[in-house]
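Work through the exercises below with the model open. Try each task before you read its solution.

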Amino acid sequence: MTSQPSAQKSETKPPDEPEPPQRRHALSSLWRLRHYLRPYRGRMIAMFTLALAATGAALVVPWLIQRVIDGPITGGDTSGVWLLGGAIAVFGFAEAVIIWIRRFIQAKVALGLEADMRADLYAHMQKLHAGFHDRWQTGQLLARATADLGSMRRFMAWGLIFGAMSLVTFAAVTVQLVALNWQLGLLVAASAVPLFFTARNFARAYIVASRQMQDQQGEVASIAEQAAQGIRVIKAFGRAPHMERLFGVEAVRLRDVSVARMDIAARSWATFNVIPNATLAIVLVGGAIAVAHQQLTIGGLVAFVSLQLMLVWPVEALGWIIANGNEAMTAADRVKDVFDTEPAIADAPGAVAVARAETRGHVRFEGVSFAYEGVAEPVLDGVDLEVRPGETLAIAGVTGSGKTTLVSLVPRLYDVTGGRVTIDGTDIRDLSLASLRSVVATAFEDPTLFSMSVRENLTLGRAESTDAEVAEALRVAQAEFVHDLPYGLDTRIGEQGLSLSGGQRQRLALARAVLVKPAVLVLDDPLSALDVHTEELVERALASVLKGTTALIVVHRPSTVMLADRVALLAEGRIAAIGSHSELLETVPAYAQVLSAESEEMAA
Ligand SMILES: Nc1ncnc2c1ncn2[C@@H]1O[C@H](COP(=O)(O)OP(=O)(O)OP(=O)(O)O)[C@@H](O)[C@H]1O
């Protein structure tokens, strides 16, 4: 078996995870994902039009107020107030309705966008080879699929519209202000200059802080995920305080980078608040002077101030929009890291599909070498091995000799780095992955079961299996205990099947592989968790299945070797010896050592 990847993963960051992004790169990462907006183009245009209409309705109100003050109020004509007051109410109500409709559409667009991106990201992660998942922390992937997509959704569906509307509002209000009083209007327009510089400096600092926080969120998620997965080990070793400390260190780091990020935001947002309010104070003084000099009516001043108040929120929101945009850019950069990883194991051009019925299951390893990514030393170095159709070949070797690695090459969980593996004479890289995996079925020593019903877990490799076939597979794997579960085959088993014992999980995983009725069955020490009696029962039933199937079985125990027609001894990356169990016991001392004293007893 391979060593626990999560243990390795906790030590290192993904090697292909880049350094914090340059603003330009982050922007281009977000830009590259613009196609997700395409299906929502119509609704985005509708949202923008509605936002414009709401702003238009809001802009009319100060103009009407000016008419009320300068007309009916100044002239003492109360009858005119009703009409203008009614118009103000209509426009105010219209604005509220339009905003409500826009928000309704916006929520659908936002959630639809996020769901689309998440579905694609998940599909892509599923296509990525096992080597990618070995190197990436699960928490980092989780953070990308949740928090990062959330940031992108917020910007694409809200930030973009609000940003555009803030600019439109600023321009429209400024034009109106200049028309009312050009000196004061230009003063308000000039306040855009300090705003621009504040916004630029804020954006530069915030993008780095955002990326640091997002990366750290991934670290915290990784530790939490490992702690949840390894809760039994942690408890058994009394390491809860140690794990708490580890988590605490990362959580404090997350708090620190989040506080640093908010610090940058708080300072800039204070400026975003101060500028419009300071401008408003100056306008009030200047406006009062203008009214005194009869350059502006009282109604004009009230309209001016009302219009200017309309700018306070868009300017204050600028800080949020920039922050949101930066978070979306760095999130897109992080998501792009995953999207840009090409599946190293994929269908070759012109890959052919093999049919199960036509596959004899003649497996050959021809001069096969293999080294894990980033590891110089090869695990396998020139393996030549033949498994004839219908033959059962056991692979033995000391721990860490590469048995799991060797059998993982057959379903192409990893690709050879030298030589080739063939099935019925065809290089498996020339077969379509889907068809290869339908003729090769695998059961691992550490059987992963999913949080779904027993039936769904069993039929994972062959959804169309009949009840009779399921029953037969359960019999072969001696897994009939499932019928005693509260809902039988419909019992939902816990995450990773934790509510079942190790041996029960192993038997279900074996039944799942057998159910596929594969041409080539790969079993990686599938009976290691069973007691001797159950193992014997499974072996007896399995023997009938193995008769018509080519099988490669990784073995540690002599009892499992008995299933095999021949045994290959793997040592130093090569096949050191091959033959029947008794031949090897007699002629290869290393073989007897590998299978321990137990093997000698059995041979005797
Ligand atoms: N994902 C991986 N990345 C890097 N190295 C790995 C990976 N998986 C396994 N190795 C290394 O490859 C070597 C062979 O591992 P493998 O699991 O194939 O051995 P094995 O013979 O099946 O061991 P065991 O009998 O203990 O199950 C070991 O040195 C192991 O540390």
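**Exercise 1. Two annotated spans**

Determine the helix content and the end-to-end distance of residues 80-101, then do so for residues 298-323.

Solution. This is a predicted model. Start with residues 80-101: the span is 100% helix and 0% strand. Its end C-alpha atoms lie 32 Å apart. Go on to residues 298-323. Here too the chain is 100% helix and 0% strand. The end C-alpha atoms are 39 Å apart. Now check the record. An unreviewed UniProt entry places the feature "transmembrane region" at several spans, among them 80-101 and 298-323. Others in that entry include 44-65 and 155-178.

**Exercise 2. Domains**

State the bounds of domain 1 and domain 2, and how far apart their C-alpha centres lie.

Solution. Take the bounds from the domain assignment: domain 1 covers 20-339 and domain 2 covers 360-603. Then compare the centres. The C-alpha centres of the two domains are 55 Å apart.

**Exercise 3. The sheet**

Find the strand order of the four-strand open sheet, and explain why strand 2 and strand 5 each have one side without a neighbour.

Solution. Write down the order: 2-1-4-5, with antiparallel pairing. Look at the ends of that order. Strand 2 (380-387) and strand 5 (426-427) are the edges, and each has a single partner strand, so one side of each has no neighbour in the sheet. Next, inspect one pairing. Strand 4 (residues 418-423) pairs with strand 5 over two bridges, in the antiparallel sense. Ile423 has Thr426 in strand 5 as its bridge partner.

**Exercise 4. Helix 16**

Test whether the length of helix 16 agrees with its expected span, and decide whether the helix is largely enclosed or not.

Solution. Helix 16 runs over residues 502-515, which is 14 residues. At 1.5 Å a residue it should span 20 Å. The end C-alpha atoms are 20 Å apart, so the two agree. Now count burial. Of the 14 residues, 13 are buried, so the rest of the structure largely encloses helix 16. Last, look past the helix: Lys517 follows, with a positive phi near 50 degrees.

**Exercise 5. Val538**

Classify Val538 as buried or exposed, and list its contacts beyond four places in sequence.

Solution. Locate Val538 in helix 17 (residues 532-547). Count neighbours: 25 other C-beta atoms lie within 10 Å. The cut-off for buried is 20 or more, so Val538 is buried. Its contacts are Ala477, Gln478, Leu527 and Leu530, leaving out residues up to four places away. Finally, compare sequence and space for Arg475. Val538 and Arg475 are 63 residues apart in sequence, but 8.3 Å apart C-alpha to C-alpha.

Conventions:
Residues are numbered from 1 along each chain as its sequence is written. This is a predicted model: local features need pLDDT of at least 70, side-chain atom pairs count only at pLDDT 80 or more; totals for chains, interfaces and linings use all residues. Domain bounds come from an automatic or database domain assignment. Two strands pair if DSSP finds at least two bridges between them. UniProt positions are given in the numbering used here, feature names are shortened, and annotations may be inferred rather than shown by experiment. The expected span of a helix is 1.5 Å times one less than its number of residues. A residue is buried if 20 or more other C-beta atoms lie within 10 Å of its own, exposed if 12 or fewer, and partly exposed in between; C-beta atoms are placed from the backbone. Two residues are in contact if their C-beta atoms, placed from the backbone, lie within 7 Å.
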